[in-house]
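Biologist: I would like to learn how to read a protein model step by step. Could you take me through some features, giving the general idea before the case at hand?

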Amino acid sequence: MQSLEVRLLTVFDEIYKTRSVTRAADNLGLGQPAVSIALGKLREHFGDPLFVRTSTGMEPTPLGEELVQPIRAALDALAAALGRRTAFDPSSAQRSFRICMTDISQLVLLPRLWAHLRATAPGIRIDIAHLSTETAKMLEAGEADLALGFIPQLEAGFYQQALFRQRYVCMANADHPRIRETLSLAQFEAEEHAVVSSSGTGHLILDREIARQNISRRVALAVPNFLGVAFVVEHTDLLVTIPARLAEVLAGRGRFRTFPVPFELPDYAVKQHWHERYHHDPGNRWLRRLISDLLSAPVATP
């Protein structure tokens, strides 16, 4: 089998995974014109478009769908015959990864990840997407490489790795007129609260426990994410209950203080999830290992 033929099959498989000529080119370290030319040769050889452009990406034709398993079997057989899979060298790789994550993960992970990539993998590009009801479809379609957060809906059917245990703390203005050194349950129930409902976090656990324990919480403000919550707390008398990792990142960056939650509240596992199609991909494996290492390190405080 000539190297050109192998490359054509690899291009077919990557377009099938990603449903995108652009992402296939990024993942293979090729220019988009080279991938388009390869697809043209494949179409000419099989006498079929193989992939057609739709509103959701490059979808396979019936023949394209029929070819995917034989082509993957051929690529796997070739890899086995060579005795190894394609190596991934982050120092020279030119590749784009898309990660679905919460705003908390963006605050906690991205500064560390960016610093590491600039020092050791300058050709790697990271594209961040919000966790949503479409995350599972994005992973299945190859439109996303990883998803990070508390995502019970991805527990079945996806590979997963626990990164760390998360717990909640309460945050208040450092000059709060009624809350000083400690926060009691009576104070928690008496004060007004800002609440955050963000996909991929444990807010459903928090809401469930408050209801189960019949605790009163006077909600005065509801926001969709955590990015502005520190500013709200610093400039109001509102309380907010937030993940401890976020509190660690915010420590020393504003006039607020944190307290233990004044009632029993279980912690939960923050995980990274990926689809089986990328389970053995060397680049994806490298990224998963890197994220695990970065999130296992303590959060630096100013």
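Modeller: Let us begin with His203, which has its place in helix H8 (residues 203-212), and keep in mind that this is a predicted model.

Biologist: Is His203 buried or exposed?

Modeller: The way to decide is to compare the relative accessible area with a cut-off, since buried means under 20%. His203 has a relative accessible area of 13%, and therefore counts as buried. When its neighbours within four places in sequence are left aside, His203 is in contact with Tyr168, Val196, Ser197 and Ser198.

Biologist: Which residues does Glu14 contact, if neighbours within four places in sequence are left aside?

Modeller: Glu14, which lies in helix H1 (residues 3-18), is in contact with Ala24, Asn27, Leu28 and Tyr278. The same cut-off of 20% applies here, so Glu14 counts as buried because its relative accessibility is 8%.

Biologist: Ala24 and Asn27 were both in that list of contacts, so what should I look for in a helix?

Modeller: The general idea is that an α-helix has 3.6 residues a turn, so residues three or four places apart point the same way. In helix H2 (residues 21-28), the buried residues are Val21, Arg23, Ala24, Ala25 and Asn27. The two ends of this helix can be read as well: at its start, a side-chain oxygen of Ser20 comes to within 3.2 Å of the backbone nitrogen of Thr22, while just after H2 the residue Gly29 takes a positive phi of about 70°.

Biologist: Which residue other than glycine has a positive phi of about 60°?

Modeller: In general, most residues other than glycine have a negative phi, and this is the reason to pause at an exception. Arg19 has a positive phi of about 60° although it is not a glycine, and Arg19 is found in the loop between H1 and H2. With a relative accessibility of 14%, Arg19 counts as buried.

Biologist: Where is Asn214 found, and is Asn214 buried or exposed?

Modeller: Asn214 is found in the loop between H8 and strand E9 (218-223), and its phi, near 55°, is again a positive value in a residue other than glycine. Since exposed means over 50%, Asn214 counts as exposed because its relative accessibility is 69%.

Biologist: How is the whole protein divided into domains?

Modeller: The division gives domain 1 (6-82), domain 2 (96-163 + 274-296) and domain 3 (168-266), so you can see that domain 2 is written as two stretches of sequence. The C-alpha centres of domain 2 and domain 3 lie 28 Å apart, and the contact takes nine residues from domain 2 and 13 residues from domain 3.

Biologist: What area is buried between domain 2 and domain 3?

Modeller: The size of an interface is often given as the accessible area lost when the parts come together. Between domain 2 and domain 3 this area is about 1000 Å², with 69% given by carbon and sulfur atoms. On the side of domain 2, Asp103, Ile104 and Phe150 lose the most area to domain 3, and together they account for 52% of what that side buries.

Biologist: How many salt bridges and how many polar pairs are found across the interface of domain 2 and domain 3?

Modeller: The rule finds zero salt bridges there, but two residue pairs in polar contact. Helix H5 (residues 103-120) gives the most to the side of domain 2 that touches domain 3, with four residues, and by class that side has six nonpolar, two polar and one charged residues.

Methods: Residues are numbered from 1 along each chain as its sequence is written. This is a predicted model: local features need pLDDT of at least 70, side-chain atom pairs count only at pLDDT 80 or more; totals for chains, interfaces and linings use all residues. Side-chain values use heavy atoms; hydrogens and water are left out. Domain bounds come from an automatic or database domain assignment. Contact means heavy atoms within 4.5 Å. Buried area is the accessible area (1.4 Å probe) that two parts lose on being put together, summed over both. A salt bridge is a side-chain nitrogen of Lys or Arg within 4 Å of a carboxyl oxygen of Asp or Glu. A polar contact is a pair of N or O atoms within 3.5 Å; within protein, one must be able to donate a hydrogen and the other to accept it, and residues adjacent in sequence count only if both atoms are side-chain atoms. Ala, Val, Leu, Ile, Met, Phe, Trp, Tyr, Cys and Pro count as nonpolar, Asp, Glu, Lys and Arg as charged, and the others, Gly among them, as polar. Buried means under 20% relative accessible area, exposed over 50%, partly exposed in between (1.4 Å probe, protein chains only).
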